[in-house]
Amino acid sequence: MSQSVSPSGEPVEVTETAADQALSLIEEQGYDTDEAGLRLFVQQGGCAGLSYGMRFDVEPEEDDAITEHHGLRIFVDPASQKYIHGSVLDFEGGLQGKGFDVENPNVESECGCGESFRT
């Protein structure tokens with residue numbers, strides 16, 4: 001399985017705060033955190049061309065890059081890996097927090113609202 005990876009050897013990094021939040025949500029869904037995980041992907045859309053997507057999956061697909069961070073399993077499909085390698089997934093809570101956020105070093109430009117990007 002060929003993977004693009006960050007200098008740390010992982011397709012993406014995940015902060016402890018983001019991992020804790022995602023694990024809590026996975027458990028609320030009744031999923032087994034030993035098998036289930038957070039799928040991070042890139043899709044066509046938004047005014048800049050690409051946007052991030054996230055969802056919880058019960059298990060990874062056969063060709064996914066699978067990593068574990070602070071107990072959270074992350075699944076990234078091969079097509080998304082080239083766009084998000086080296087990225088950091090974080091979580092900002094509180095009244096003004098924006099939730100999950102992807103800090104991507106590959107982004108060349110973003111739309112004004114920050115919801116989509118171009119590499």
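## A partly exposed acidic residue

Asp63 is partly exposed, as its relative accessible area is 44%. In this predicted model, Asp63 is found in the loop that runs between strand S3 (50-57) and strand S4 (65-69). Together with Glu59, Glu61 and Glu62, Asp63 forms a negative surface patch.

## Overall architecture

The chain contains two helices and nine strands. Followed along the sequence, these elements are arranged in the pattern β-α-β-β-β-β-α-β-β-β-β.

The chain has 119 residues, and 38% of them are buried. Its exposed area is about 6,600 Å², of which carbon and sulfur atoms supply 43%. When contacts between residues at least 6 apart in sequence are considered, 54% join residues at least 24 apart.

## Salt bridges

Four salt bridges are present in the structure. One of them pairs Glu35 with Arg73, with the closest N and O atoms 3.9 Å apart. Glu35 belongs to the loop between helix H1 (16-28) and strand S2 (37-44), while Arg73 belongs to strand S5 (residues 72-76), so this pair ties together parts that are 38 residues apart in sequence. Glu35 is partly exposed, at 41% relative accessibility, whereas Arg73 is buried, at 13%.

## A network around Arg39

Arg39, Arg55, Asp57 and Asp64 are linked in a network of salt bridges. Within this network, the side chains of Arg39 and Asp57 meet at 2.5 Å, N to O. Because Arg39 lies in strand S2 and Asp57 in strand S3, their salt bridge ties together parts that are 18 residues apart in sequence. Arg39 is buried, with a relative accessibility of 3%, and Asp57 is buried as well, with a relative accessible area of 11%.

Arg39 also forms a salt bridge with Asp64, where the closest N and O atoms are 2.5 Å apart. This pair links distant parts of the chain, since Arg39 is in strand S2 and Asp64 is in the loop between S3 and S4, 25 residues apart. Both residues, Arg39 and Asp64, are buried.

## Two further buried residues in strands

Ser51 is located in strand S3. Its relative accessible area is 12%, so Ser51 counts as buried. The C-alpha atom of Ser51 is separated by 8.5 Å from that of Phe41, a residue ten places away along the chain.

Asp101 is located in strand S7 (residues 99-103). Asp101 counts as buried because its relative accessibility is 17%. Apart from its neighbours within four places in sequence, Asp101 is in contact with Val88, Leu89 and Asp90.

Technical notes:
Residues numbered from 1 in each chain as written. Predicted model: local features only at pLDDT ≥ 70, side-chain atom pairs only at ≥ 80, totals over all residues. Heavy atoms only, no water. Patch = residues over 30% accessible without salt bridge, like charges linked within 9 Å, V, L, I, M, F, W, Y side chains within 5 Å. Areas by Shrake-Rupley, 256 points an atom, 1.4 Å probe, with all protein chains shown as cover. Lys, Arg positive; Asp, Glu negative; His and termini not counted. Charge placed at Lys NZ, Arg CZ, Asp CG, Glu CD. Helix = DSSP H or I, 4+ residues; strand = E, 2+ residues; numbered from the N terminus. Buried < 20%, exposed > 50% of the residue type's maximum accessible area, 1.4 Å probe, protein only. Contact = heavy atoms within 4.5 Å.
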